[in-house]
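The following note is offered to a colleague who is meeting this structure for the first time. The points run from the overall fold to individual residues.

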Amino acid sequence: MSGTKVFCPTCDEYTFCESIPINQLNVYRSRPGQRVLSGVQPFLRVRHCNACKGKFVTAEVPYESIKKTTDYIKQLKSLNEKYHV
């Protein structure tokens, strides 16, 4: 099998998926490879699942961005508990 083993949302399991050119998905007007979204700079990649033949987008982000996001979620949960929102 070719490709990288990643989680396919259609198969709901890890399968071998190939990386394909972003323009084959026909959902972006410009090449979205690298963009900045609210201070996070993900690298978007289109995957083609070898098992179900589906296409989906994955995003590679710096670990520090994920850490900050989980810290923010913890803060929000704490505020919700404090103010019973």
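1. A helix here is a DSSP run of at least four residues, type H or I, and helices are numbered from the N terminus. Helix H1 covers residues 63–83, and Ile66 is found in this helix. The reader should bear in mind that the model is a predicted one.

2. The overall fold may be stated briefly. The protein chain holds 4 strands and 1 helix. Read from the N terminus, the order of the elements is β-β-β-β-α.

3. On burial and surface, 20% of the 85 residues in the protein chain count as buried. The protein chain has an accessible surface of about 6,600 Å², and carbon and sulfur atoms contribute 53% of that surface. Among contacts with a separation of 6 or more, 41% join residues that are 24 or more positions apart.

4. Which residues make up the largest nonpolar core? The core has 5 residues, namely Val6, Cys8, Cys17, Cys49 and Phe56. Phe56 deserves a closer reading: with neighbours within four places in sequence left aside, Phe56 is in contact with Val6, Phe7, Cys8, Pro9, Cys17, Arg45, Val46, Arg47 and Cys49.

5. The structure contains 1 aromatic pair. The partners are Phe7 and Tyr14, whose ring centres lie 5.5 Å apart with 75° between the planes, an edge-to-face arrangement. The angle matters for the label, because planes over 60 degrees apart count as edge-to-face. Phe7 has a relative accessible area of 36% and is therefore partly exposed, whereas Tyr14 reaches 55% and so counts as exposed.

6. Val61, Tyr63 and Ile66 together make a nonpolar surface patch of about 300 Å². Is Ile66 buried or exposed, or in between? Its relative accessibility is 41%, so Ile66 counts as partly exposed.

7. Lys55 lies in strand E4, which spans residues 55–60. With a relative accessible area of 44%, Lys55 is partly exposed. Apart from neighbours within four places in sequence, Lys55 is in contact with Ile20, Gln24, Leu25, Arg47 and His48. Arg47 also appears in the list of contacts given for Phe56.

8. A final point concerns Lys55 and Glu18. The two residues are 37 residues apart in sequence, and their C-alpha atoms are 9.5 Å apart in space.

Definitions and conventions: Residues are numbered from 1 along each chain as its sequence is written. This is a predicted model: local features need pLDDT of at least 70, side-chain atom pairs count only at pLDDT 80 or more; totals for chains, interfaces and linings use all residues. Side-chain values use heavy atoms; hydrogens and water are left out. Helices (H or I, at least four residues) and strands (E, at least two) are DSSP runs, numbered from the N terminus. Buried means under 20% relative accessible area, exposed over 50%, partly exposed in between (1.4 Å probe, protein chains only). Contact means heavy atoms within 4.5 Å. Accessible areas come from the Shrake-Rupley method with a 1.4 Å probe; for residues, only the protein chains shown count as cover. Patches are made of residues with over 30% relative accessible area and no salt bridge: like charges are joined within 9 Å, nonpolar side chains (Val, Leu, Ile, Met, Phe, Trp, Tyr) within 5 Å. A salt bridge is a side-chain nitrogen of Lys or Arg within 4 Å of a carboxyl oxygen of Asp or Glu. Rings of Phe, Tyr and Trp (its six-membered ring) pair if their centres lie within 6.5 Å; planes under 30 degrees apart count as stacked, over 60 as edge-to-face and the rest as tilted. A nonpolar core is a set of buried Ala, Val, Leu, Ile, Met, Phe, Trp, Tyr and Cys residues joined through side-chain atoms within 4.5 Å.
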